Amino acid sequence: MAQVLTQKYVVGADDFAAAGAASAAVKKTLKQLSFPVDFIRRTSIAMYEGEINMVIHGGGGIASVEIYEDCVKITLADTGPGIPDIEQAMQEGFSTATDSIRELGFGAGMGLPNIKKQSDEFEIISEIGKGTKLTITLNANS
Amino acid sequence: MKLEQIMEVLEAKVCTDAAFDDIEILAACGSDLMSDALAFGENKGLLLTGLNNPQCIRTAEMMDINCVVLVRGKEPDDALVTLANEKEIVVMRTDYSMYTSCGLLYSAGLSGGDIS
């Protein structure tokens, strides 16, 4: 499994206007590398949901993307407040988003479940007061 | 259904520059919350929303959606139109409500598709 390239993006805290720019850049790269259309779509949706979470909940952070010949590994690490109950956060419909976030179109409580659904491997580690690290892998052939 | 027909059914006005003569839409979803829309599983879909900020275009971009319809008479802001033109995504606006817009399109033969 040869690595093709690595990309790193700084995701700004509360920078809602720029939210999604990293995911858009990764999508463009995957298109240039001629990955299958459905795989690119799954990867884009999963990363975008994660990027939005970093902006609205995580206080920003670093998105690292490792692109291999047949898969993509994405690590989203923030330094936000952390998730007290991951099991609860994984339930569809559960959200701690404020009304102001909902007015911006997010906070349906579908983000994490949707990321997991799109991914082949999903790991989330969170520590209160230190932040959350989400690592997902998507296989191009699955 | 061709985008031109969708425009007629919704009495919609086009707000962007992208050409749409040949775009065929196979299914539609309607939501003001983008995470709900992101769970929509269909390719070649249409997004109806009352969310008039650039994140509806980002959402469409990630999902390979070619057209976003703003309902309830919402006007797109400049950032939305700029991003949509950059991504070649068609944006239309209609004065119909979300409920009526969805009903009109469904009655005209456009299905809701599947949830992924």
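## Worked exercises on a predicted two-chain model

Helix α1 (residues 21-32) of chain A and helix α3 (residues 55-63) of chain B pack at an angle of about 25°, their axes lying 11 Å apart, in what is a predicted model.

**Exercise 1.** Determine how α1(A) is oriented relative to α3(B), and which residues make the contact.

*Solution.* Start from the angle of about 25° between the two helices. Angles under 35 degrees count as roughly parallel, and therefore α1(A) is roughly parallel to α3(B). The next step is the sense of the crossing, which is left-handed for this pair. Finally, the contact is made on the side of α1(A) by A:A21, A:S23, A:A24 and A:K27, and on the side of α3(B) by B:R58, B:E61, B:M62 and B:M63.

**Exercise 2.** Carry out the analysis for α1(A) and helix α2 of chain A, giving the orientation, the handedness and the residues in contact.

*Solution.* The helices α1(A) and α2(A) pack at an angle of about 165°, with 8 Å between their axes. Since angles over 145 degrees count as roughly antiparallel, α1(A) is roughly antiparallel to α2(A). The crossing of α1(A) and α2(A) is right-handed. From α1(A) the contact takes A:A21, A:A22, A:S23, A:V26, A:K27, A:L30 and A:K31, while α2(A) supplies A:I40, A:T43, A:S44, A:M47, A:Y48 and A:E51.

**Exercise 3.** Describe the largest nonpolar core, and find which helix gives the most to it.

*Solution.* The largest nonpolar core has 58 residues, and those with the most contacts inside it are A:M47, A:V65, A:I74, A:F106, B:C56, B:I57 and B:V68. Helix α2 of chain A, which spans residues 37-56, gives the most to this core, with ten residues. Apart from this core lies another, of 20 residues, among them B:A28, B:L46, B:V71 and B:L110. To look at one member of the largest core in detail, take A:V65: leaving out residues up to four places away in sequence, A:V65 touches A:L5, A:T6, A:Q7, A:Y9, A:V26, A:M47, A:V72, A:K73 and A:I74. As background, nonpolar side chains in soluble globular proteins tend to be buried together.

**Exercise 4.** Count the disulfides over all chains, and explain why B:C67 and B:C102 do not form one.

*Solution.* A disulfide is a covalent bond between the sulfur atoms of two cysteines, and the cut-off needed here is a separation within 2.5 Å. For B:C67, the closest cysteine sulfur is that of B:C15, at 9.6 Å, which is too far for a bond. For B:C102, the closest cysteine sulfur belongs to B:C29, at 8.7 Å, again too far for a bond. The count over all chains therefore comes to zero disulfides. The surroundings of these two cysteines can be added: B:C67 is buried, at 0% relative accessibility, whereas B:C102 is partly exposed, at 30%.

**Exercise 5.** Locate A:S34 and B:D64, and give the accessibility class of each, bearing in mind that each has a positive phi.

*Solution.* Most residues other than glycine have a negative phi. A:S34 is not a glycine, yet its phi is positive, at about 60°, and B:D64, likewise not a glycine, has a positive phi of about 60°. A:S34 is found in the loop between α1 and α2 of chain A, where its relative accessibility of 61% counts as exposed. B:D64 is found in the loop between α3 and β4 (67-70) of chain B, and with a relative accessible area of 23% B:D64 is partly exposed.

**Exercise 6.** Is B:T94 buried or exposed, and which residues is B:T94 in contact with?

*Solution.* B:T94 lies in the loop between β5 (90-93) and α5 of chain B, and at 0% relative accessibility B:T94 counts as buried. Leaving aside neighbours within four places in sequence, the contacts of B:T94 are B:L10, B:A12, B:V69, B:L70, B:V71, B:R72, B:G73 and B:S101. One of these partners, B:L10, is 84 residues from B:T94 in sequence, with 6.1 Å from C-alpha to C-alpha.

**Exercise 7.** Describe the setting of B:S111.

*Solution.* B:S111 belongs to the segment after α5 (98-107) of chain B, and at 34% relative accessibility B:S111 is partly exposed. Not counting residues up to four places away in sequence, B:S111 touches B:L26, B:A27, B:A28 and B:Y106. The C-alpha atoms of B:S111 and B:D64 are separated by 18 Å, the two residues being 47 residues apart along the chain.

Key. Residues are numbered from 1 along each chain as its sequence is written. Chains are lettered from A and ligands numbered from 1 in the order in which they are written. This is a predicted model: local features need pLDDT of at least 70, side-chain atom pairs count only at pLDDT 80 or more; totals for chains, interfaces and linings use all residues. Side-chain values use heavy atoms; hydrogens and water are left out. Buried means under 20% relative accessible area, exposed over 50%, partly exposed in between (1.4 Å probe, protein chains only). A nonpolar core is a set of buried Ala, Val, Leu, Ile, Met, Phe, Trp, Tyr and Cys residues joined through side-chain atoms within 4.5 Å. Helices (H or I, at least four residues) and strands (E, at least two) are DSSP runs, numbered from the N terminus. Contact means heavy atoms within 4.5 Å. Axes are lines fitted to C-alpha atoms, for helices over the stretch in contact, and angles run from 0 to 180 degrees between N-to-C directions. Angles under 35 degrees count as roughly parallel, over 145 as roughly antiparallel, 65 to 115 as roughly perpendicular and the rest as oblique. A crossing is left-handed if the near helix is turned anticlockwise from the far one by less than a right angle, and right-handed if clockwise.
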